[in-house]
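User: Please look closely at the cysteines in this model and say whether any are paired through their sulfur atoms. After that, carry on to the surroundings that help a reader place them in the fold.

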Amino acid sequence: MSATFTPTPEQEIAVAAAQRGGDLKIKAYAGAGKTSTLKLVADRFAGRRGMYLAFNRDIAAAAARKFPAHVLSRTMHAHAWAAASPSLKRRCALEAEPPHMLASRFGIGPVEVRSVTGRAVELTPFETGRMIADALGRFCRSADLQPEIEHIVADDKIDVADAAQLRNWLLPHVRRLWGESAAPGAGGAVSPDVVLKLWALSAPHIDADFILFDEAQDSDGVMLSVLARQRHAQVIYVGDPYQQIYEWRGAVNAMAHIDAPECALTESFRFGPTFAALASRLLGQLGERTPLRGQDAIGSIMVEDPAIAPPVDAVLCRKNVTAIWQLAAGLEAGHRPAIRMSPAEIAAFADGADQLLAGQRTFRPAAFALFENWAEVQAFARTPFGQDLLPVVQIVDEVGTGYLRALAQQCAPEQVADYVISTVHRAKGLEWKRVRVANDFRFRGADGNPVPDDDEIRLLYVAITRAQHVLDISSMRDELLRLVASGR
């Protein structure tokens, strides 16, 4: 929308609520004019010092071009980096300790656990070391004062009871690593997450009269803890609670955790009523009773018949392995697809498969961890637990790992591609005129119930709201319609 647009009644309500003072939550559905609303707030706050907080430098740089001069745009990590001591910055530039060396230094050897299929599996020092380092990162992104059990994540292929015992056993090691990382005189490498955590624990002061915190639904607990202490500043949290899809890395839903008055932006400027109605049905499955509204003036066509197969600008998938499969299918059809994955990420599946085919353990990609050989991967992919791996297993079995490596080199640049292939996570915040959604979503919950888990429904919501004019759901039509009609 241009700078001279006429605000909607919902936007006017949100701006008026901000002008009354005090912290505020603005719940903004997909495409509902979030950025333009924040700019309206900034314009009305002329004469006050503002801070727009973004999650990465690109978003912060884009915001700096849109917002008035009295609003600075930064990432929270940039604040932490500016406050870091020279010695801490030097440690951040060091190469991280390899996981197996970390485990060896902590005296950790191989550990035997059971898999979900009942098979005995040996966790190598590399794997336990990686779990410790990952847990430290999750702790640093949390609001907690020390590492806890919930920061330790075990591979979902490990039996639940064994995973619980493993986490309890590893907790003292995670706390030791944090102690080493936080020690003022230490010399080991630290990550940006450690720098942010140490800054957060120092009770920092953000020099602003008001703070605009964007994409709040994906914020980490550590970020929320910093903002909660900025008593001198008015904090305006903006986000869509139903686009919260980074829970797996420690994100928390700020929209549910913040105790502040709430306004809503429910009118999407991205698509027409047809897509809005489907999105609203998904929101209803999550307990939301306020529907998403589309624009009558925008033509939006839902494709439900697989025989039609219209041209698209983007193909969205739930999993990386499905994205690779879609890339292969597109190239075989003579298309020029791009993929939002690096060649190294694709080649990692080939390298890992080659190691397993040779009877050797592999640690990359993570999806292949815990397998002793390729036969175990093939067997696991045929179980309900392992169906996500089936596309890449079929590629390796039918055409070999060399084919996978060739795929990695055949991707077209996005600017000249016929269409782009992406996971939903990497498509968040983007939009295309024509979108096809692949059928690799879990339409059953973890307990086998026909209704999927809430995080899966949120992924579906994000996927279908990337489209502006054409949305092809033909491959999942029956499952999707059953879901929205289930009325759980």
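Analyst: Counting as a disulfide any pair of cysteine sulfur atoms within 2.5 Å, the total comes to 0 disulfides. C140 takes part in none, and the nearest cysteine sulfur, which belongs to C92, is 11 Å away. With a relative accessibility of 1%, C140 counts as buried, where buried means under 20% relative accessible area, exposed over 50% and partly exposed in between, using a 1.4 Å probe and protein chains only. For C317, the closest cysteine sulfur is that of C411, at 13 Å, which is too far for a bond; C317 is also buried, at 0% relative accessibility.

This is a predicted model, in which local features need pLDDT of at least 70 and side-chain atom pairs count only at pLDDT 80 or more, whereas totals for chains, interfaces and linings use all residues. Residues are numbered from 1 along each chain as its sequence is written, and side-chain values use heavy atoms, with hydrogens and water left out.

Turning to the surroundings, helix α1 (residues 9–19) has E10, Q11, A14, V15, A17 and A18 buried; helices (H or I, at least four residues) and strands (E, at least two) are DSSP runs, numbered from the N terminus. Seen down the axis of α1, these buried residues fall within an arc of 160°, so they line one face of the helix, the arc being that of the directions from the helix axis to the C-beta atoms. On the other side of α1, P9 and I13 are exposed. The cover over the buried residues of α1 includes β1 (24–28), α2 (34–44), β7 (234–239) and β8 (262–265), with contact meaning heavy atoms within 4.5 Å.

The nonpolar cores, each a set of buried Ala, Val, Leu, Ile, Met, Phe, Trp, Tyr and Cys residues joined through side-chain atoms within 4.5 Å, complete the picture. In the largest of them, with 65 residues, I236, L282, F441, Y461, L471 and L480 touch the most other members. Helix α19 (residues 454–464) gives the most to this core, namely 7 residues. L480, leaving aside residues up to four places away in sequence, touches L278, L282, F443, L460 and I473. Apart from this core lies another, of 55 residues, which has I132, I152, V235 and I258 among them.
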